[in-house]
Amino acid sequence: MNIPQWHTIPTLVLEQIFDFLDSRDRRNAANCCWAWRQHFFQRRYFRNFRFHIDVAQDDQLSFFHHSMSNLAKELVIVFDFHNVFHIQKIRGLLYKAARCDNIRALRFQTNNVGLVAPGNTHSELLVAIEQCFVEPLKMFLSRKNQPCQTLDLGAIEALTYYGHDFLKAMAKPQELLQLTLASIKYDPNHYPILELDTTLLQKCASLQVLSLDYDTLSDELLHTIQVLPLRKLLIVVHGLDRDEHAGVSDAAWANFSMHFTNIELVLTLVYAYEAVELLVSRIVGDHMPVTHIRILFCEFMSHEAVDGMSIANSDTLRSIYYIDSGNNRGHSNYLSNIRGQDAFVMLAWRCKQLEEIVVHGHPMDPHNLLGIARLRSRQLRRVEVSQINWPNGEPQYAFNDEMYKLLGQRWTLLKYDQLPAALGDGPVYCEERDKFVYELLRRDLTL
């Protein structure tokens with residue numbers, strides 16, 4: 001009896017077998033033998049394939065160089081910006097990506113996003129950044145065949161300062177679909193401001209998703225990007241300095257709103273200790289069409305901020321996150337004004353499109369939560385809190401029963417052991433907070 005030699009099956013027959021299989025079965029079949037595995041690595045089986053590569057894993061680096069570099073359409077590079085060995089590996093990896101026309105999207109992912117303090121701008125570390133990141137990135141962006149469609153700098157402050165250079169290096173900016181230049185600052189109160197030539201953005205004729213730091217915005221830039229087919233604009237606020245940045249006028253936002261009637265505008269405050277108190281008067285004004293607001297680790301619960309947003313954006317606001325660590329002690333200004341009106345209840349009443357409320361690090365009143373659920377039970381997709389001020393003697397089960405009756409699984413009361421490390425009640429490291437902020441920024445970029 002002859003035993004079939006699977007590795008001797010003719011190539012044409014093997015192609016027909018693989019073509020009949022779905023992607024999961026095809027991967028399983030590739031484990032049959034070396035010949036089948038080699039046949040598996042063809043571009044037609046890896047259309048729109050995203051490859052995550054952890055620079056710390058040498059086997060992944062080797063696998064990418066030998067098998068995946070000519071197949072992946074999107075490359076996500078995960079690394080530690082504080083690790084010298086990782087930085088050295090990045091350079092070769094980026095030069096390899098620059099020579100692979102199939103890679104159309106490039107994303108960075110690291111926890112240590114705030115790498116260099118502004119006072120260190122001439123340090124040896126920045127020289128290494130230019131050699132290991134900036135130069136190979138320029139080479140990647142200067143390709144004319146199969147040009148870059150997505151450039152995500154991973155909110156890394158040191159890289160975003162080269163945003164102008166990256167835009168200038170693009171051979172075909174009209175092919176770019178997503179550009180993320182927003183960052184998480186090493187020091188949110190003292191940092192250089194990126195200046196962009198607005199004509200470079202104007203050339204990105206297909207751009208749909210754009211993220212920027214608030215300090216980069218101007219009336220001229222808002223006017224310029226109105227020629228773009230933007231579907232989502234993400235703005236990150238850190239500090240406010242009138243001497244360095246004049247802000248954006250109400251008239252400019254009014255024109256922007258008239259042009260982009262369906263755009264998603266995500267406004268995110270990150271460690272913005274001063275800006276949160278001036279959110280409406282200095283940033284939002286009367287015409288900024290905010291659809292999603294994120295107030296992250298600002299250590300202050302401002303009634304004026306939430307109340308002002310609900311008035312200024314009653315027609316547009318869909319989602320609000322107000323998040324601090326569980327050990328935050330800056331919530332003495334609880335969310336009620338002198339008339340005893342809860343800001344979130346008023347927000348739910350005013351904002352007809354409201355779908356999502358997430359509050360951590362600040363206590364909520366159970367009666368107000370019930371009021372919110374009753375007002376918007378039909379359209380709310382998510383209500384999530386982790387702290388409740390329970391009145392003495394009132395049964396908690398009655399509250400929980402009614403909340404579940406109104407919202408079902410859309411209502412979540414998280415316990416401390418269910419919270420991410422950044423929101424815990426104990427000591428929280430800056431890296432944990434940065435990681436939480438970055439993951440939220442990354443999710444908000446998704447269309």
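## Gln226 and its neighbours

Leaving aside residues up to four places away in sequence, Gln226 touches Asn255, Phe256, His259 and Phe260. Keep in mind that this is a predicted model. Gln226 is found in the loop between α10 (219-224) and β7 (232-237). Its relative accessible area is 15%, so Gln226 is buried.

## The nonpolar cores

The largest nonpolar core takes in 119 residues, and the ones with the most contacts inside it are Ile77, Phe108, Phe133 and Leu267. Which helix gives the most to this core? That's α6 (residues 124-141), with seven residues.

Ile77 gives a feel for the packing. Not counting residues up to four places away in sequence, Ile77 touches Ile53, Val55, Ile90, Leu93, Leu94, Leu106, Arg107, Phe108 and Gln109. There's also a second, separate core of 24 residues, which includes Phe297, Tyr321, Leu423 and Val437.

## Helix α17

Start with the length of α17 (residues 430-444). It has 15 residues, which at 1.5 Å a residue should span 21 Å, and the end C-alpha atoms are indeed 21 Å apart, so the two agree.

Plenty of α17 is tucked away: its buried residues are Arg433, Asp434, Phe436, Val437, Tyr438, Glu439, Leu440, Leu441 and Asp444. What do they pack against? The partners are the strands β3 (105-109), β7, β8 (264-270), β9 (292-296) and β10 (319-323).

## Helix α16

Helix α16 (residues 396-407) has twelve residues and reaches 16 Å from its first C-alpha to its last, close to the 16 Å expected at 1.5 Å a residue. Phe399, Met403 and Leu407 are the buried residues of α16. They cover an arc of only 40° around the axis, so they sit on the same side of the helix. On the other side of α16, Tyr397, Asp401 and Lys405 are exposed.

The buried residues of α16 pack against α15 (366-376), β12 (382-385) and β13 (411-413). After α16 comes Gly408, with a positive phi near 65°.

## Positive phi outside glycine

Most residues other than glycine have a negative phi, which makes a couple of spots here worth a look. One is Ala155, whose phi is positive, near 60°. Ala155 is found in the loop between β4 (150-152) and α7 (157-160), and with a relative accessible area of 6% it counts as buried.

The other is Phe297, with a positive phi of about 55°. Phe297 is found in the loop between β9 and α13 (303-312). At 0% relative accessibility, Phe297 counts as buried.

## Aromatic pairs

How many aromatic pairs does a search of the whole structure find? It turns up 14. Take Phe51 and Phe63: their ring centres are 6.1 Å apart and their planes are at 50°, so the pair is tilted. Phe51 lies in strand β1 (residues 50-54) and Phe63 in helix α4 (residues 58-68), so the pair ties together parts that are twelve residues apart in sequence. Phe51 is buried, with a relative accessible area of 9%, while Phe63 counts as partly exposed at 29% relative accessibility. Phe51 and Phe63 also belong to one aromatic cluster with Phe49 and Phe64.

Then there's Phe297 with Phe436. The ring centres of Phe297 and Phe436 are 5.9 Å apart and the planes are at 80°, so this pair is edge-to-face. Phe297 lies in the loop between β9 and α13 and Phe436 in helix α17, so the pair ties together parts that are 139 residues apart in sequence. Phe436 counts as buried, at 17% relative accessibility.

## Cysteines

How many disulfides are there? The count comes to zero. For Cys100, which is in no disulfide, the nearest cysteine sulfur is that of Cys148, 14 Å away. Cys100 counts as buried, at 3% relative accessibility.

Why is Cys351 without a bond to Cys298? The sulfur of Cys298 is the closest cysteine sulfur to that of Cys351, but it is 19 Å away, which is too far for a bond. Cys351 also counts as buried, at 0% relative accessibility.

Methods: Residues numbered from 1 in each chain as written. Predicted model: local features only at pLDDT ≥ 70, side-chain atom pairs only at ≥ 80, totals over all residues. Heavy atoms only, no water. Helix = DSSP H or I, 4+ residues; strand = E, 2+ residues; numbered from the N terminus. Buried < 20%, exposed > 50% of the residue type's maximum accessible area, 1.4 Å probe, protein only. Contact = heavy atoms within 4.5 Å. Core = buried A, V, L, I, M, F, W, Y, C linked by side-chain atoms within 4.5 Å. Expected span 1.5 Å × (residues − 1). Arc of directions from axis to C-beta. Disulfide = S-S within 2.5 Å. Phe/Tyr/Trp six-rings, centres within 6.5 Å; stacked < 30°, edge-to-face > 60°.
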